[in-house]
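Subject: Structure handover

Hi,

Here is the structure I promised to pass on to you. My notes on what turned up in it follow below, so please have the model open while you read.

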Amino acid sequence: MKIKITGIGSYIPEKKVSNTDFGEHVFLNEDGTAFGYPNEVVINKFKGITGIEHRRYAEDQHNSSDLAFFASQKAIENAGIDPESIDYIIFAHNFGDVKYGTTQSDMIPSLATRVKHKLQIKNPKCVAYDILFGCPGWIEGVMQANAFIKSGMAKRCLVIGAETLSRVVDAHDRDSMIYSDGAGASIIEASDDETGMLSYESATYANDEANYLFFGKSYNPNLDPDTRYIKMYGRKIYEFALSQVPAAMKSCLDKSGIGIDDVKKILIHQANEKMDEAIIQRFYKLHDKPVPENIMPMSIHELGNSSVATVPTLYDLLIRGEIENQSIEKGDVLIFASVGAGMNINAFVYRY
């Protein structure tokens with residue numbers, strides 16, 4: 001038995017924030033000192049590394065669970081199912097609902113329960129729960145749905161990834177320009193043909209790597225040190241991703257029985273354009289192959305890094321033909337892969 005994505009939907013907030021909007025920010029070093037060069041230089045270097053030109057922020061009145069609800073409605077409509085038939089709602093996020101203007105996380109009740117409530121699902125046997133797995137959370141949720149369906153515990157699951165990272169960033173940290181808001185949702189069911197998930201791989205590296213992403217105080221020493229924001233050791237994450245993600249992808253592909261030449265697209269977490277390109281180059285180097293043209297669809301230039309939402313949103317845009325010069329056809333083989341806080345890595349090979 002295989003599982004497949006029978007419905008997909010995403011919600012991309014309308015509020016667009018450009019790189020130029022950061023021109024007046026007071027960016028500081030970790031020790032609170034000012035940079036020795038103007039913001040224009042900071043922004044140009046940032047774009048050259050990450051590829052990000054714009055990102056999306058949620059409307060002030062919307063929280064992560066709202067974005068997830070909007071995406072879930074689209075996925076349910078796309079699948080053409082009755083929401084009462086959903087057995088599990090698996091919601092991947094990192095920070096819960098963070099009300100605009102605050103940094104306090106709200107996760108009671110669970111965000112999955114909130115989505116179930118918003119969808120007005122009455123069936124008590126539709127079990128709703130959250131998972132915290134960093135940026136790879138949606139992929140991990142799909143794997144959990146796979147386990148539930150193969151074990152006979154479920155026939156149909158709703159797997160969501162949603163986040164409002166714009167509300168947990170330190171405005172004085174230049175890394176704040178990376179993050180964005182959004183949601184992606186999917187309906188997962190058993191496959192009755194040759195399509196669906198062919199293999200998977202997942203791992204947590206929690207020794208030296210555990211705190212590469214963490215919650216820390218603002219770089220502005222005049223702000224409350226007990227108010228925390230998302231922080232990262234970017235260079236360490238980059239080196240970790242390059243050393244571990246290509247190998248995990250290769251292991252996953254080897255288990256699928258699919259040859260590297262039959263892979264049509266690789267959908268990788270939209271974290272950093274240069275890092276993603278380096279991961280793909282190293283992955284193909286492991287197979288002694290050049291990187292095929294257009295193998296890696298990208299949305300980071302316009303949408304930024306919305307964590308758990310990037311991969312399902314990318315897939316939604318791809319199958320709807322909304323990424324320039326990118327398309328897939330029935331029977332094409334895809335690799336989904338991600339890396340993030342934990343440090344966690346996962347991937348699955350999928351026949352469309």
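G184 has a relative accessibility of 0%, so it counts as buried. This is a predicted model, so please read everything here in that light. G184 sits in strand 9. Leaving out residues up to four places away in sequence, G184 touches G9, S10, A71, V159, I160, G161, A309, P312 and T313. If you want a distance to check on screen, the C-alpha atoms of G184 and I149 lie 21 Å apart, with these positions 35 residues apart along the chain.

Strand 9 (181–191) comes up again in the cavities. There are 2 cavities of 30 Å³ or more, and the largest has a volume of about 80 Å³. Its lining is made up of 15 residues, of which I12, D181, L303, S306 and T313 are the closest to the centre. Two elements, strand 9 and helix 8 (310–319), give two or more residues to this lining. Strand 9 supplies the largest share, with 3 residues. By class, the lining of the largest cavity has 6 nonpolar, 7 polar and 2 charged residues. You may notice T313 here once more: it lines this cavity, and T313 is also one of the residues that G184 touches.

The second largest cavity has a volume of about 40 Å³. It is lined by V169, D170, D173, D175, S176, Y179, I230, K231 and M232. That lining divides into 4 nonpolar, 1 polar and 4 charged residues.

M232 deserves a look of its own. It belongs to strand 12. Is M232 buried or exposed? With a relative accessibility of 19%, M232 is classed as buried, because the cut-off for buried is under 20%. Apart from its neighbours within four places in sequence, M232 is in contact with D175, I178, Y179, Y212, L213, F214 and I237. Among these contacts are D175 and Y179, which also line the second largest cavity. Along the chain, M232 and G9 are 223 residues apart, and their C-alpha atoms are separated by 29 Å.

Next, strand 4 (residues 88–93). Why is strand 4 described as largely enclosed by the rest of the structure? The reason is that 6 of its 6 residues are buried. In a regular strand, side chains alternate between the two faces of the sheet. Both faces of strand 4 are covered, with Y88, I90 and A92 buried on one side and I89, F91 and H93 buried on the other.

Strand 4 also has two pairing partners to trace. It runs parallel to strand 7 (residues 127–132), to which it is joined by 6 bridges. It also runs parallel to strand 8 (residues 156–164), here with 5 bridges. Y88 is a handy place to start, as its bridge partner is V127 in strand 7 and C157 in strand 8.

On to the nonpolar cores. Nonpolar side chains tend to be buried together in soluble globular proteins. The largest nonpolar core in this model has 54 residues, and M249 and I266 have the most contacts inside it. The elements that give two or more residues to this core are helix 1 (39–50), strand 12 (228–232), helix 5 (234–256), strand 13 (263–268), helix 6 (273–285), strand 14 (333–340) and strand 15 (344–351). Helix 5 contributes the largest share, 9 residues. Setting aside residues up to four places away in sequence, I266 touches M249, I280, F283, Y284, I295, M296, P297 and I335. There is also a second, separate core of 33 residues, which includes A154, L303, L314 and L334.

Last, a pocket. The second largest pocket has a volume of about 360 Å³. Of its 19 lining residues, P297, M298, S299, H301 and I323 are the closest to the centre. P297 is also among the residues that I266 touches. Helix 6 and helix 7 (300–303) each supply at least two residues of the lining, and helix 6 gives the most, with 4 residues. The lining of this pocket divides into 11 nonpolar, 4 polar and 4 charged residues.

Happy to go through any of this with you.

Best wishes

Notes
Residues numbered from 1 in each chain as written. Predicted model: local features only at pLDDT ≥ 70, side-chain atom pairs only at ≥ 80, totals over all residues. Heavy atoms only, no water. Core = buried A, V, L, I, M, F, W, Y, C linked by side-chain atoms within 4.5 Å. Buried < 20%, exposed > 50% of the residue type's maximum accessible area, 1.4 Å probe, protein only. Contact = heavy atoms within 4.5 Å. 1 Å grid on protein atoms, 1.4 Å probe; cavity = no way out; pocket = protein on both sides within 12 Å on 5 of 7 lines; lining within 4 Å. Points joined across faces, edges and corners; volume = space filled by probe spheres on them. Nonpolar A, V, L, I, M, F, W, Y, C, P; charged D, E, K, R; others polar. Pairing = 2+ DSSP bridges.
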